[in-house]
Amino acid sequence: EGDRVLDRLESPLGFRWFSFDPNKGFFLNGKSLKLIGVNRHQDRAGIGNALSNDLHTQDIETIKAMGANFLRLAHYPQDPAVLDAADRLGLILWEEIPIVNYVTPSETFAANCRTMLIEMIRQHYNHPAVLMWGYMNEVFLYDENGQRAREGIKNQEYAAWTVGLARELDALARREDPTRVTVMAVHSSDVYNETGMADVPQVLGWNLYQGWYGGTFDGFGAFLDKQHARYPKRPLI
């Protein structure tokens, strides 16, 4: 207004191309790149998630300095300062909405999931760091009674409804942004294969904890090799 600035909006812009190959791995701008990184929650002791932009940026700079090139923003869209820092530092992002461990089979729940996914994609669409849109994390980890589902999901109606929701959200993400890939994280249970859930996203992410919650570290590669042998056309992360 006259010489006075009332508002300003800056939008990032970047050009890159990428692909996921189930046999050859990940490619960025035509070159093979091994993805090495971490998950990140936007919180600090004594602060919770009310972080300043400086603290957000400090986290991303620390992740970059440790040698990572990849970051999963678990399990929710994070502050714009995080995405700005990732763009600037060249980190590759997987961003997701908070559908975690168990869903509520209702249209109200599904409608909220659709809203969250649309808002995340439209708000962060211009960030070149984002390559993957996620919409579910380990949704068969617990049963309808809130108990750890150690023998798979016994409620087949719940399983079918959840797979249906995943297909709907996956299709929605692809319509909103056909330039990126969809991704889902699952825990180490064959229930995702049995129900068809593992076939829904374009990239399937296994959350594996060999040598931590059980087994040995050597089991990590063996598990992924077995999955790849069974489903050779499925990109795994």
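Before I start, one definition: helices here are DSSP runs of H or I, at least four residues long, numbered from the N terminus. Keep in mind that this is a predicted model.

Let's open with helix α4. It covers residues 156-176. That gives α4 21 residues. From first C-alpha to last, the helix reaches 30 Å, close to the 30 Å expected at 1.5 Å a residue.

Which residues of α4 are buried? The list runs Tyr158, Ala159, Thr162, Val163, Leu165, Ala166, Leu169, Asp170, Leu172 and Ala173. Their packing partners are α3, β7 (130-137) and β8 (181-187).

Now the other side of the story. Arg175 is also found in α4. Is Arg175 buried or exposed? Exposed, because its relative accessibility is 61% and the cut-off for exposed is over 50%. Its C-alpha atom is separated from that of Ile118 by 10.0 Å. Along the chain, Arg175 and Ile118 are 57 residues apart.

Next, the core. The largest nonpolar core has 47 residues. Which members touch the most others? Leu117, Tyr135, Met136, Phe140 and Met197. And which element gives the most to this core? Helix α4, with eight residues. Apart from this core lies another one, of 11 residues. Trp94, Val181, Val183 and Ala185 are among its members.

Take Tyr135 from the largest core and look at its neighbours. Leaving out residues up to four places away in sequence, Tyr135 touches Glu96, Ile97, Ile99 and Leu117, among others. Its contacts also include Ala166, Leu169 and Asp170. Further along the chain, Thr182, Val183, Met184, Val200 and Pro201 are on the list too. Remember Ala166, Leu169 and Asp170: they are among the buried residues of α4.

On to the aromatics. The count comes to 10 aromatic pairs. Phe18 and Phe20 form one of them, with ring centres 6.2 Å apart. Why is this pair edge-to-face? Because the planes sit at 85°, and the class needs over 60 degrees. Phe18 itself is buried, at 16% relative accessible area.

Tyr102 and Tyr158 make another pair. Their ring centres are 4.7 Å apart and their planes are at 10°, so this pair is stacked. Where do the two partners lie? Tyr102 is in the loop between β6 (92-96) and α3 (107-124), and Tyr158 is in helix α4. The pair therefore ties together parts that are 56 residues apart in sequence. The two partners also have their own burial classes. Tyr102 is partly exposed, with a relative accessible area of 27%. Tyr158 counts as buried, at 2% relative accessibility. And there is a cluster here: ring pairs link Tyr102, Phe140, Tyr158 and Tyr192. Phe140 you have met already, in the largest nonpolar core.

Two arginines sit over rings. The charged end of Arg180 is over the ring of Tyr125, 5.5 Å from its centre. Arg234 lies over the face of Tyr231, at 3.9 Å from the ring centre.

Last topic: salt bridges. How many does a search of the whole structure find? It finds 12.

First example: Asp59 and Arg40, whose side chains meet at 2.9 Å, N to O. Asp59 is in helix α1 (residues 53-65) and Arg40 is in strand β4 (residues 37-40), so the bridge ties together parts 19 residues apart in sequence. Asp59 and Arg40 are both buried. Together with Arg44, they are linked in a network of salt bridges.

Next example: Arg114 and Glu168, at 2.7 Å, N to O. Arg114 is in helix α3 and Glu168 in helix α4, so here the tied parts are 54 residues apart in sequence. Glu168 is partly exposed, at 34% relative accessible area.

Final example: Arg234 again, now with Asp199, at 2.7 Å, N to O. Arg234 is in the segment after α6 (219-230), while Asp199 is in the loop between α5 (191-194) and β9 (203-207). They are 35 residues apart. Buried or exposed? Arg234 is buried, with a relative accessible area of 8%. Asp199 is exposed, at 52%.

To close, back to α4. This helix gives the most to the largest core, holds Tyr158 of the stacked pair and carries Glu168 of a salt bridge.

Note on methods. Residues are numbered from 1 along each chain as its sequence is written. This is a predicted model: local features need pLDDT of at least 70, side-chain atom pairs count only at pLDDT 80 or more; totals for chains, interfaces and linings use all residues. Side-chain values use heavy atoms; hydrogens and water are left out. A nonpolar core is a set of buried Ala, Val, Leu, Ile, Met, Phe, Trp, Tyr and Cys residues joined through side-chain atoms within 4.5 Å. Buried means under 20% relative accessible area, exposed over 50%, partly exposed in between (1.4 Å probe, protein chains only). Helices (H or I, at least four residues) and strands (E, at least two) are DSSP runs, numbered from the N terminus. Contact means heavy atoms within 4.5 Å. Rings of Phe, Tyr and Trp (its six-membered ring) pair if their centres lie within 6.5 Å; planes under 30 degrees apart count as stacked, over 60 as edge-to-face and the rest as tilted. A charge sits over a ring if NZ of Lys or CZ of Arg is within 6 Å of the ring centre and within 35 degrees of the ring normal. A salt bridge is a side-chain nitrogen of Lys or Arg within 4 Å of a carboxyl oxygen of Asp or Glu. The expected span of a helix is 1.5 Å times one less than its number of residues.
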